[in-house]
Amino acid sequence: MQQFLYHVSEYDETLIYQAIDNILTGMNILSDLTPDMKIVLKPNLVMAKKPDVPVTTHPMVVKAVARWLYEHDRRHITIAESSGGPYTSEHMKSVYQICGMYDAAPYADLNMNFGFQSVHTPEGFVNGSFNLILPVIDADYIINLPKLKTHAMTGYSGGIKNLFGCVPGLQKPQLHYRFPDIENFSNMLLELALTVRPQITILDAIDAMEGNGPTGGTSHPLHLLLASRDMYTQDAFAAQLMGLHPSDIVMLRQAKERGLIHTEQMELIGDAVPQDLTPFLKPDTADLDFSSKVPSFLQKPFSAVMKRVLKSYPKLEPEKCIGCGKCAESCPAHIITIKDKKARFHRKGCISCFCCQEMCPMKAIAVKKAI
Ligand code: SF4
Ligand code: SF4
């Protein structure tokens, strides 16, 4: 399967549009689309953050895709996403505004229909059905526009993980609560990806995030746009570019086991892979993995013990906390309270999902190991 890779030195409208033109022309996307088809662009707008920090998909990337389609007479285009926090008009208007999505407005509508509907999923997974936001259900064609990041819970965030934003608002923490274990959570993410089935994925890695992603990390530019019709292989490829081993990322290991990743058959189109890449910092939650050093007959008990010993918990940095309550709102275990304008965490019941850290606008939540 073809993987497109283009160097884009900075967030510059002309450079990005040129790369998007190369990608969409190279993919022959117009042969997929008739002018009356409903197209959804699904960026990562996890929280209301300005585009100069690498938390959300940059508006210039979203705009370039919308503009290209519009100029090729594909004009039924909607930008749709469900951020963290409530899936309401008030909340999403603020997210659109701060994330710069109104820049794409000449070419695409911003979704204002905040309904959802239940959809059955393929056999052989853990959830059975998902509530999905309506524009995604109604779409004839979905273009997935993730941001490349490390992630405190899943280790890596790209195309597959971006589709978690098709689940409405505060139903996302509920899924964290139902699937607190990383194996089941990753299985659920794959199930969701195979339900949504975006036709193409264009990954914004012009600037990317390392460390405590998906919202509390720091910039690590790759100066790249990646694109493919094969999102799973693309995620494995992008993880390698970050210096991660796809087999260490549970959702990518599972995708490989399910026959979804074919890096050996990858045909690279566009520019050469940069030679000066440096490994991404991992999140503070990343466990030290000694398991490969342990004999196979001891792996199961060893891993159960080590999971307990190495478990991470959120830890408040009180001087940064403004008492906004966004962490409490997103905590699926309901173990955060706000007292005297500061968050308080009750460890009992914590499932270490780090939704709280993800939604904290002040980077006030650090990571503490169990021992
Ligand atoms: S920890 Fe962060 S999200 Fe929670 S109340 Fe404090 S500032 Fe808000
Ligand atoms: S306190 Fe944070 S890490 Fe623990 S369950 Fe709540 S949101 Fe998840």
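Arg347 lies over the face of Tyr313, with 4.1 Å to the ring centre. A second arginine does something of this kind in our predicted model: Arg258 sits over the face of Phe125, at 3.8 Å from the ring centre. So much for charges over rings; let me turn to rings beside rings.

A pair of aromatic rings is described by the distance of the centres and the angle of the planes. How many aromatic pairs does the structure hold? There are 4 of them, and I'd like to show you two. Take Tyr70 and Tyr107: their ring centres are 5.5 Å apart and the planes stand at 70 degrees, and because an angle over 60 counts as edge-to-face, that is what we call this pair. Where do the two partners come from? Tyr70 belongs to helix α2, residues 59-71, while Tyr107 is in the loop between α3 (89-98) and β4 (109-110), so the pair ties together parts that are 37 residues apart in sequence. Tyr70 has 27% relative accessibility, so it counts as partly exposed.

The other pair is Tyr96 with Tyr102. Here the centres are 6.4 Å apart and the planes meet at 85 degrees, so this pair is edge-to-face too. Buried or exposed, what is Tyr96? At 0% relative accessibility, Tyr96 counts as buried. Its partner Tyr102, at 34%, counts as partly exposed.

Next, please find helix α7, which runs over residues 182-196. I like to check a helix with a ruler. With 15 residues at 1.5 Å a residue, α7 should span 21 Å, and the end C-alpha atoms are indeed 21 Å apart, so the expected and the computed length agree. In case you are multiplying along with me, the expected span is 1.5 Å times one less than the number of residues.

How many residues of α7 are buried? The count is 12 of 15, so the helix is mostly covered, with buried meaning under 20% relative accessible area. Among the buried ones are Phe185, Met188, Leu189, Leu192 and Val196, and the list also includes Ser186, Asn187, Glu191 and Thr195.

Both ends of α7 have something to show. At the N-terminal end, Asp181 acts as a cap: one of its side-chain oxygens lies 3.1 Å from the backbone nitrogen of Glu183. Just after the helix, Arg197 takes a positive phi of about 50 degrees.

That brings me to backbone oddities. Most residues other than glycine have a negative phi, and most peptide bonds are trans. Besides Arg197, look at His223, which is not a glycine and yet has a positive phi of about 60 degrees. His223 lies in the loop between β11 and β12 (224-228), and at 37% relative accessibility it counts as partly exposed. Asp340 is not a glycine either, and its phi is positive at about 50 degrees. You will find Asp340 in the loop between β15 (336-339) and β16 (342-345), where it is exposed, with a relative accessible area of 64%.

And which residues are joined by a cis peptide bond? Gly213 and Pro214 are, with omega at about 15 degrees. Pro214 is placed in the loop between β10 (200-210) and β11 (218-219).

Two more loop residues, quickly. Ser82, in the loop between β3 (77-79) and α3, is buried, with a relative accessible area of 2%. The side chain of Ser82 reaches the backbone oxygen of Val167 at 3.3 Å. Asp36, in the loop between α1 (13-26) and β2 (39-43), is exposed, with a relative accessible area of 56%. The C-alpha atoms of Asp36 and Arg67 are 16 Å apart, and the two residues are separated by 31 residues along the chain.

I have kept the ligands for last. Which residues come nearest to ligand 1? Of the 14 around it, they are Cys321, Cys324, Gly325, Cys327 and Cys360. By class, this shell has 11 nonpolar, 2 polar and 1 charged residues. Now ligand 2, also with 14 residues around it: Cys331, Cys350, Cys353, Phe354 and Cys356 come nearest. The shell around ligand 2 divides into 13 nonpolar and 1 polar, with no charged residues. When you read those classes, keep in mind that cysteine is counted as nonpolar and glycine as polar.

That's my tour, and I'm happy to go back to any of these spots on the screen.

Key
Residues are numbered from 1 along each chain as its sequence is written. Chains are lettered from A and ligands numbered from 1 in the order in which they are written. This is a predicted model: local features need pLDDT of at least 70, side-chain atom pairs count only at pLDDT 80 or more; totals for chains, interfaces and linings use all residues. Side-chain values use heavy atoms; hydrogens and water are left out. A residue is near a molecule or strand if one of its heavy atoms lies within 4 Å of it. Helices (H or I, at least four residues) and strands (E, at least two) are DSSP runs, numbered from the N terminus. Buried means under 20% relative accessible area, exposed over 50%, partly exposed in between (1.4 Å probe, protein chains only). A polar contact is a pair of N or O atoms within 3.5 Å; within protein, one must be able to donate a hydrogen and the other to accept it, and residues adjacent in sequence count only if both atoms are side-chain atoms. Rings of Phe, Tyr and Trp (its six-membered ring) pair if their centres lie within 6.5 Å; planes under 30 degrees apart count as stacked, over 60 as edge-to-face and the rest as tilted. A charge sits over a ring if NZ of Lys or CZ of Arg is within 6 Å of the ring centre and within 35 degrees of the ring normal.
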